[in-house]
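Biologist: Please look closely at the question of disulfide bonding here, and then place the answer in its structural surroundings. The account should suit a reader new to this structure.

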Protein chains: 2
Amino acid sequence: MRDIRIIGIDPGLRRTGWGVIDTDGVRLGFVACGSVVSDYVESLGARLRQIFDGLTQVLARLEPAEAAIEQTFVNRDASATLKLGQARGIALLVPALSGLLIAEYAPNAVKKTVIGVGHGDKGQIRAMVKCLLPRASFDSTDAADALAIAITHAHSRSWRRLEALALGAAP
Amino acid sequence: MRDIRIIGIDPGLRRTGWGVIDTDGVRLGFVACGSVVSDYVESLGARLRQIFDGLTQVLARLEPAEAAIEQTFVNRDASATLKLGQARGIALLVPALSGLLIAEYAPNAVKKTVIGVGHGDKGQIRAMVKCLLPRASFDSTDAADALAIAITHAHSRSWRRLEALALGAAP
């Protein structure tokens, strides 16, 4: 199986984390990660543009083939949900403009893949991402979370491929 | 005072209304209005891209100088707020990418400007928009709402200009 490059995105109005990995269906390879920070003194439109420009540059530079994004946790106050929604709209738009497949994963699916159970704190996720991708160095929790989302997509797509093989579908 | 062209945007994941007017600070002139509809069978990323492409085309064609958008009503369920937030992120991004000034108005400010009081139904807004812009014909409530937002911005900026004149600031 050829390597596929995946970008995971953890959207937020203040910081949007991103993490890029390669996978051949079995092994995972760290490519790069970081976060796009918006300037809180700017207007909302200008901040959304900063997220758009930052993610657009990352996609142009690293050319991932597929994207994965966390399904947002909506049990927060309405104002925070709206802010997150606005940032999430941009995080979905950028890969859509490049024609990428975009997969969405629930937060507990990400935790289950990365730390083995559906609950756990940010520190555990960070430690397991570091263990799965020893070459990774992250500047922020958002970048680690974004790598965890990319890892979840890598596992999910290998698993679907194995199922397809078991059912006698195309390799 | 030179004419200024204003676009009002009423964002929504299914339908995003837009309305463009010209104003010289006193009179209002209808330019065009419509709505960008996203295809609900498509993925979320593809739908946000449809909104992005539709609004980008409107801005390229009509070249408004300023934009106005309704401040979203967040007293709805979290899932609806998130959907609206995602569409609203795109509605703010498109004018921001063109460097437009973007003003935000609360729903009751729009009603107060257009129908004279801070409450009223969609039918009243539609009737008053038709009265203020006799040449306007709208295909949808969203387009009428978007024109109401543009009218609110036209009134607000004339009022601010009058205040500035009264205070002896630049004309």
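Modeller: In chain B, the sulfur of Cys33(B) has its closest cysteine sulfur in Cys131(B), 16 Å away, which is too far for a bond. The model is a predicted one, in which local features need pLDDT of at least 70, side-chain atom pairs count only at pLDDT 80 or more, and totals for chains, interfaces and linings use all residues, while side-chain values use heavy atoms, leaving out hydrogens and water. Residues are numbered from 1 along each chain as its sequence is written, and chains are lettered from A and ligands numbered from 1 in the order in which they are written.

Cys33(B) is buried, with a relative accessible area of 16% (buried means under 20%, exposed over 50%, partly exposed in between, with a 1.4 Å probe and protein chains only). In chain A, Cys131(A) is exposed at 53% relative accessible area, and its sulfur lies 16 Å from that of Cys33(A), the closest cysteine sulfur, again too far for a bond. A search of the whole structure finds 0 disulfides over all chains (a disulfide being a pair of cysteine sulfur atoms within 2.5 Å).

The surroundings begin with the sheet of chain B. Its 5 strands form an open, mixed sheet in the order E3-E2-E1-E4-E5 (strands are DSSP runs of E, at least two residues, and helices are runs of H or I, at least four, numbered from the N terminus; two strands pair if DSSP finds at least two bridges between them). Strands E3 (28-37) and E5 (101-105) of chain B stand at the edges with a single partner each, so one side of each has no neighbour in the sheet. Neighbouring strands are turned by 20 degrees against each other on average, direction ignored (axes are lines fitted to C-alpha atoms, for helices over the stretch in contact, with angles from 0 to 180 degrees between N-to-C directions).

Within this sheet, E4(B), residues 66-70, pairs with E5(B) in the parallel sense over 5 bridges, and Ala68(B) stands opposite Ala103(B). Helix H2(B), residues 78-97, lies across E1(B), E4(B) and E5(B), at about 170 degrees to E4(B).

In chain A, E2(A), residues 15-23, runs antiparallel to E3(A), joined by 9 bridges; one pair of partners is Trp18(A) and Gly34(A).

Finally, a rotation of 180 degrees with 0.0 Å of shift along its axis superposes chain A on chain B, at an RMSD of 0.0 Å (by least squares on the C-alpha atoms of residues with pLDDT of at least 70 in both). This is the relation of a two-fold axis. The same surface serves both copies, as 100% of the contact residues of chain A recur in chain B (contact means heavy atoms within 4.5 Å).
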